[in-house]
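Subject: A structure for you to explore

Hi,

I am passing on the structure we talked about, and below it you will find my notes on what turned up. Have it open on your screen while you read.

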Amino acid sequence: MDKRDTYYAHPTAVIDGGCSIGRGTRIWHFSHIMEGAVIGENCNIGQNVVISPGVVLGRNVKVQNNVSVYTGVTCGDDVFLGPSCVFTNVVNPRSAVNRKSEYRTTKVGKGATVGANSTIVCGHDIGEYAFIGAGAVVTKDVPAYALVVGNPAVQTGWMSEYGHKLHFGENNIAVCPESGCRYRLENGKVSRLRD
């Protein structure tokens with residue numbers, strides 16, 4: 001076992017020089033953290049994960065097995081990246097054409113979930129606490145708290161910060177069944193009410 005001073009990396013993990021890895025982070029089998037990647041505190045990087053140069057992960061980000069996070073992606077705190085999800089960074093890739101100068105960025109907001117086997121096409125941001133269903137293909141921006149599913153992904157509802165579908169009733173108010181937190185739907189946007 002390869003124990004670092006402030007984080008854990010399995011002996012099969014490859015960690016290039018010039019990375020920043022936060023205290024308490026765990027990096028598992030056969031994962032590759034590339035030069036210039038920034039990983040926050042208490043993250044969990046599963047097996048067979050690639051974190052490319054310049055990627056930024058906030059604190060407490062969970063990256064499940066077989067995920068590719070390419071240059072141009074930034075994830076806020078508490079993001080969940082499900083198994084085998086993938087990000088892109090070029091809209092029209094060709095093997096024989098070098099488009100490294102055309103990378104597009106993708107931002108994943110605090111607390112968002114990206115479901116298993118989903119694909120996030122570059123240049124589209126995912127709002128805070130949004131929920132991308134398994135297998136979805138995201139081809140446009142996703143609002144905060146939105147639930148999107150399908151290919152191409154379409155919005156089918158709203159989610160609480162605890163990951164429960166919200167049902168809006170009188171006065172466009174919904175209550176999370178787990179946390180009891182209240183949310184308001186107004187002008188096509190959801191916000192959490194602070195009592």
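A pocket here is an open set of grid points with protein on both sides within 12 Å along at least five of seven lines, and its lining residues are those with an atom within 4 Å of a point. Please keep in mind that this is a predicted model.

**The largest pocket**

Which residues line the largest pocket? They are Thr88, Asn89, Val90, Pro93, Arg94, Val97, Asn98, Arg99, Lys100 and Tyr103. By type, this lining splits into 4 nonpolar, 3 polar and 3 charged residues. The space inside the largest pocket comes to about 150 Å³.

**Aromatic pairs**

A pair of aromatic rings is described by the distance of the centres and the angle of the planes. How many aromatic pairs does a search of the whole structure find? The search gives 3. One of them is made by Tyr8 and Trp28, a tilted pair with 5.0 Å from centre to centre and 50 degrees between the planes. Tyr8 sits in strand β2 (residues 8-9), while Trp28 sits in the loop between β5 (26-27) and β6 (32-33), so this pair ties together parts that are 20 residues apart in sequence. Tyr8 is buried, with a relative accessible area of 11%, whereas Trp28 is partly exposed at 26%.

Next, look at Tyr145 and Tyr183. Their ring centres are 5.5 Å apart and their planes are at 70 degrees, so the pair is edge-to-face. This pair also links distant parts of the chain: Tyr145 belongs to the loop between β20 (137-138) and β21 (146-149), Tyr183 belongs to strand β24 (residues 182-186), and they are 38 residues apart. Are these two tyrosines buried or exposed? Both Tyr145 and Tyr183 are buried. Ring pairs also bring in Tyr129, which forms a cluster with Tyr145 and Tyr183.

**The nonpolar core**

In soluble globular proteins, nonpolar side chains tend to be buried together. Here the largest nonpolar core has 46 residues, and the members that touch the most others are Leu57, Leu81, Ile126 and Ile132. Strands β13 (73-75) and β21 each contribute at least two residues to this core. If you click on Ile126, you can look for its contacts with Lys107, Val108, Gly109, Ala112, Val114, Ile120, Ile132 and Val142, leaving out residues up to four places away in sequence.

**Three loop residues and their contacts**

The contacts in this part again leave out residues up to four places away in sequence.

- Ser31 is in the loop between β5 and β6. Ser31 is buried, with a relative accessible area of 1%, and touches Thr12, Ala13, Val14, Ile45, Gly46, Gln47, Asn48 and Val49.
- Ser118 is in the loop between β17 (113-114) and β18. With 0% relative accessibility, Ser118 counts as buried. The contacts of Ser118 are Ser84, Cys85, Val86, Ile132, Gly133, Gly135 and Ala136.
- Val121 is in the loop between β18 (119-120) and β19 (131-132). Val121 counts as partly exposed, at 24% relative accessibility. Among its contacts is Thr88, a residue that also appears in the lining of the largest pocket. The others are Thr106, Val137, Val138 and Thr139. The C-alpha atoms of Val121 and Phe87 are separated by 6.3 Å, although these residues are 34 residues apart along the chain.

**Backbone details**

Where does the chain have a cis peptide bond? The bond from Asn151 to Pro152 is cis, with omega near -5 degrees. Pro152 is in the loop between β21 and β22 (154-158).

Two asparagines are also worth a look. Asn117 has a positive phi of about 60 degrees although it is not a glycine. Asn117 lies in the loop between β17 and β18, where Ser118 is also found. Yet Asn117 counts as exposed, at 52% relative accessibility, while Ser118 is buried. Asn187 likewise has a positive phi, of about 55 degrees, without being a glycine. Asn187 is in the loop between β24 and β25 (189-192), and is exposed, with a relative accessible area of 77%.

Enjoy exploring, and write back with any questions!

Best wishes

Terms used:
Residues numbered from 1 in each chain as written. Predicted model: local features only at pLDDT ≥ 70, side-chain atom pairs only at ≥ 80, totals over all residues. Heavy atoms only, no water. Phe/Tyr/Trp six-rings, centres within 6.5 Å; stacked < 30°, edge-to-face > 60°. Helix = DSSP H or I, 4+ residues; strand = E, 2+ residues; numbered from the N terminus. Buried < 20%, exposed > 50% of the residue type's maximum accessible area, 1.4 Å probe, protein only. Core = buried A, V, L, I, M, F, W, Y, C linked by side-chain atoms within 4.5 Å. Contact = heavy atoms within 4.5 Å. 1 Å grid on protein atoms, 1.4 Å probe; cavity = no way out; pocket = protein on both sides within 12 Å on 5 of 7 lines; lining within 4 Å. Points joined across faces, edges and corners; volume = space filled by probe spheres on them. Nonpolar A, V, L, I, M, F, W, Y, C, P; charged D, E, K, R; others polar.
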